[in-house]
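Please open the structure in your viewer and get ready to select a few pieces one after another.

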Amino acid sequence: MDNQGRIQLAVIGAGYWGPNLVRNFTASGAAVVTHLCDLDLARANKVAAPYPAIQTTTDLDAVLASPIDAVAIATPVRTHFPLAKKALLAGKHVLVEKPLAWSVAEGEELVALAAAKGLVLMCDHTFCYTGAVRKMRELVRSGEIGEVLYFDSVRVNLGLIQSDVNVLWDLAPHDLSILDYVLPDDLRPIAVSAQGVDAVGTGFASVAYLTLHFARPVIANVHANWLSPVKVRTTLLGGTKKMIVWDDNEPSEKIRIYDKGIDIGDEDPNRVRVSYRHGACNIPVLEPTEALARMAREFCLSISEGRAPETDGHAGLRVLRALAAANRSLEAAGARVELD
Ligand SMILES: NC(=O)c1ccc[n+]([C@@H]2O[C@H](COP(=O)([O-])OP(=O)(O)OC[C@H]3O[C@@H](n4cnc5c(N)ncnc54)[C@H](O)[C@@H]3O)[C@@H](O)[C@H]2O)c1
C-alpha cells in the first residue's frame, strides 16, 4: 500500500473493459493505479493519457517485480489463467474479469493457489454490485418473496459476435453470477441443459437457451441471443409470496415487486382449487452507486481487511462449472449434464 493506505494496483488490458477499471479504481480513493499493461502500447498510452501518474508498459514481469499489491486483469478469457497465475505466484492479489478462466481445471488451480498464498482472488461479477441485484438478493434472502420457484432471464440484443466463445460464454456469466449471488446458499444448481444454434456460421452458437436444474422443484432459464433486433434485459424471479420483475433497460424503476401469486387449496383431493392473489406492486428505491465503483471498493476492502470478497474465486468457479457443463450439453443436443 502507499503511505496513505491505498492499494497499489496494476491494470492489465486496455481494450474495451480495462479503461472502466482504470477509471473506477482511480475514483475509488481506495487504490492508486500505478501501471497499465497491454501488449499494444499505443492503446495503453491512449487510455492512460488523462492519468499522468500511470506508467504504461508491455512488460508484465517488470510490473510484477514492482512493489504493487494487486493486479486487475481485463484481457481475453484465454489469457486470464496464465496472467492470474503469474500474478499470484508473484504474491499479488488478483481481480479477474468474468469468466474466471477458460476451463474448470484452470479455475480450480487459481482458487487453490490463492488460498495457499493467502491472497485475495476475486472475479468481477459486475452485476452483483448493482443496486437492482443487491435488492433482489435482499428480497430473496430475507424470505420476503417466500420460497423461490423460478428464475427466467432474457439477455438479447444485436450483439458483438465473438470469435472465440459462444453466446452463453459471452452473456450467461452475468445471469449465472446473479443467480449464484441472489439465491440462498442451500439452493445451488445441480445440473444444466443447453440448446443453441450457430445461426450465422461462426462455429459457435449465437442463440442459446440454458436451463439450470435444482434438487428442489425450482427451475432457472437464461435466453442469450446475439441476433435480436432489440435489446431486452428482463429477469423474472418468482416466489411463493411475491414475484420480482427486473428490467435493466428501465432508467430508474428497474425493479418491481408484485404481491401476486397463486394459492392451491387442498380441501378436495380430487380437484385442484386455484385462487389468485392480486396485491399491490412496489417499486423500491435502489442504491444509486455505479456497480464498478462498488466492485472496485470491495476488492480493495477485502485486501485491507484480509477477508474474502463477495464474488470470490469460489463464486467464479461455480459460474465456470455451469458454463463448462453448458458447453457439454450443447454438444450433446441439450442433454442434461450434472454439476459436480
Ligand atoms: N464485467 C463485465 O461486464 C465485462 C464487460 C466486457 C468485457 N468483460 C471482460 O473483460 C475482458 C476483456 O474484454 P474486452 O472486451 O476489454 O477485450 P478487448 O479485446 O477489447 O481488450 C483486451 C485487451 O487485452 C490486451 N491483451 C491481450 N493479451 C494480453 C496480455 N497477455 N498481456 C497484456 N495485455 C493483453 C489486448 O491487447 C487488448 O487491448 C474479458 O474477460 C471480458 O469477458 C467484462
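This tour goes through the sheet, then a helix, then the ligand. Keep in mind along the way that this is a predicted model.

**Stop 1: the sheet.** Select the strands to begin. You will find 6 of them in an open sheet with parallel pairing. Reading across, the order is β3-β2-β1-β4-β5-β6. Now colour β3 (55–57) and β6 (121–124): these two stand at the edges with a single partner strand each, so one side of each has no neighbour in the sheet. As you go from one strand to the next, the twist averages 25 degrees.

**Stop 2: one edge, close up.** Select residues 31–37, which are strand β2. Between β2 and β3 there are 3 bridges, in the parallel sense. For an example, show His35, whose bridge partner in β3 is Gln55.

**Stop 3: a helix on the sheet.** Next, pick residues 77–89, helix α4. Helix α4 packs on the sheet and touches β1 (7–12), β4 (70–73) and β5 (93–97). Compare its direction with that of β5: the two make about 170 degrees.

**Stop 4: the ligand.** Finally, select the ligand and the 20 residues around it. Which of them come nearest? They are Trp17, Asp38, Arg43, Lys98 and Thr126.

Three distances are worth displaying here:

- from a ligand oxygen atom to an N or O atom in the Arg43 side chain, 2.6 Å;
- from a ligand nitrogen atom to an N or O atom in the Thr126 side chain, 2.7 Å;
- from a ligand oxygen atom to a polar backbone atom of Tyr16, 2.9 Å.

To finish, show the ligand's surface: on its own the ligand has 850 Å² of accessible area, and the protein covers 78% of that.

Conventions: Residues numbered from 1 in each chain as written. Predicted model: local features only at pLDDT ≥ 70, side-chain atom pairs only at ≥ 80, totals over all residues. Heavy atoms only, no water. Pairing = 2+ DSSP bridges. Helix = DSSP H or I, 4+ residues; strand = E, 2+ residues; numbered from the N terminus. Axes fitted to C-alpha atoms, helices over the stretch in contact; angles between N-to-C directions. Contact = heavy atoms within 4.5 Å. Near = heavy atom within 4 Å. Polar contact = N/O pair within 3.5 Å; in protein donor to acceptor, adjacent residues only side chain to side chain. Areas by Shrake-Rupley, 256 points an atom, 1.4 Å probe, with all protein chains shown as cover.
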